[in-house]
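I set out to read one structure, entry by entry. My notes follow the order in which I looked things up.

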Amino acid sequence: MAVDIGEDQFQAAVLDRSQDVPVVVDFWAPWCGPCRQLTPALERAAEAREGKVDLVKINTDENQNISRALGIQGIPAVKAFNDGREVSQFVGAVPPAKVESFFDALVPSEAEQLVAAGDEDSLRRALEQEPTRRDARVKLAQLLFDRGERDEALQLIDGVEGDFTAEGLAARIRLEQEPGYAEAFKLLDAGKREEALDALIAAIPSSDGLKDDIRRAVVGILSTYEQGDPTAREYRMKLSSALY
């Protein structure tokens with residue numbers, strides 16, 4: 001059940017408490033019909049995540065100062081706080097599914113927590129729960145690759161699109177099986193990124209069907225540069241010229 005609080009409790013019950021767990025605040029009033037419709041959905045969502053999120057209620061009629069300070073102009077209004085600051089909000093009696101999505105965004109799923117842990121066992125458990133989870137696949141593939149288990153690493157990320165790291169790693173594994181490309185990746189592993197990029201881009205004209213994988217490998221390396229790095233910009237232009 002939600003706990004009713006007043007203005008004098010807001011600092012402790014919401015801002016301070018949100019340093020430990022997210023806190024959802026339900027702004028309501030006794031005369032508000034939509035509020036009575038929304039509150040049960042909020043309570044169910046909070047109870048399903050007991051210990052991971054708090055739910056408190058503030059009667060706007062009795063706590064007008066805090067309501068004004070937080071910009072409450074219509075009710076029901078729901079605001080979420082994390083680490084002492086507001087992180088999300090909505091207004092109106094939204095459907096239960098949207099309430100669940102709102103809470104899901106605040107409280108990481110078990111799979112998300114496992115991916116954040118980042119060790120091999122956690123990543124494999126995350127994939128058992130959500131087999132298509134891209135971030136777990138990519139992290140686990142990198143661990144396996146670093147350990148020399150390239151076949152399993154490739155199985156995890158082969159076909160993953162829209163992730164430069166995954167595409168680049170998969171392309172590297174395939175290219176290393178072809179003659180003439182291992183030296184470029186030795187340079188990369190030695191920290192000589194530009195020399196590795198030069199070697200790969202120079203191979204494009206005679207790549208004989210491997211052009212796409214070279215492009216993916218180069219783009220994967222370029223994704224390791226800081227945003228806006230002039231060297232990365234220069235090599236993107238070199239890649240474009242070699243391809244087209």
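Which backbone oxygen lies 2.9 Å from a polar atom of the side chain of Ser18? I looked this up and found the backbone oxygen of Leu15. I note at the outset that the model is predicted.

**Entry: the surroundings of Ser18**

I located Ser18 in the loop between helix H1 (10-16) and strand E2. I then asked whether Ser18 is buried or exposed. Ser18 has a relative accessible area of 0%, and the limit for a buried residue is under 20%, so I entered Ser18 as buried. Next I listed the contacts of Ser18, leaving aside its neighbours within four places in sequence. They are Val23, Phe81, Asn82, Asp83, Gly84 and Arg85.

**Entry: the hairpin**

Several of those names led me to strands E4 and E5, which form a hairpin with two residues between them. Asp83, in the turn, has a positive phi of about 55°. I recorded E4 as residues 77-82, paired with E5 in the antiparallel sense over six bridges. Which residue of E5 is the bridge partner of Phe81? I found Glu86. I also noted that Ala77 stands opposite Val91 in E5.

**Entry: the sheet**

I widened the view to the whole sheet. Five strands form an open sheet with mixed pairing, in the order E1-E3-E2-E4-E5. Its edge strands are E1 (3-4) and E5 (85-91), each of which pairs on one side only. I then looked for what packs on the sheet and found helix H4 (residues 96-106). H4 touches E2 (23-28), E4 and E5, and its direction makes about 170° with that of E5.

**Entry: helix H8**

I turned to another element, helix H8 (residues 150-157), and asked which of its residues are buried. I found Ala153, Leu154, Leu156 and Ile157. Why do they lie on the same side of H8? They cover an arc of only 160° around the axis, and this puts them on the same side of the helix. On the other side of H8, I recorded Asp151 and Gln155 as exposed.

I also looked up what covers the buried residues of H8. The cover includes helix H6 (120-129), helix H7 (134-146) and helix H9 (164-175). Just after H8, I noted that Gly159 takes a positive phi of about 95°.

**Entry: closing note**

I return to the starting point: Ser18 is buried, and its contacts include Phe81, which has Glu86 as its bridge partner in E5.

Conventions
Residues are numbered from 1 along each chain as its sequence is written. This is a predicted model: local features need pLDDT of at least 70, side-chain atom pairs count only at pLDDT 80 or more; totals for chains, interfaces and linings use all residues. Side-chain values use heavy atoms; hydrogens and water are left out. Two strands pair if DSSP finds at least two bridges between them. Helices (H or I, at least four residues) and strands (E, at least two) are DSSP runs, numbered from the N terminus. Contact means heavy atoms within 4.5 Å. Axes are lines fitted to C-alpha atoms, for helices over the stretch in contact, and angles run from 0 to 180 degrees between N-to-C directions. Buried means under 20% relative accessible area, exposed over 50%, partly exposed in between (1.4 Å probe, protein chains only). The arc is that of the directions from the helix axis to the C-beta atoms. A polar contact is a pair of N or O atoms within 3.5 Å; within protein, one must be able to donate a hydrogen and the other to accept it, and residues adjacent in sequence count only if both atoms are side-chain atoms.
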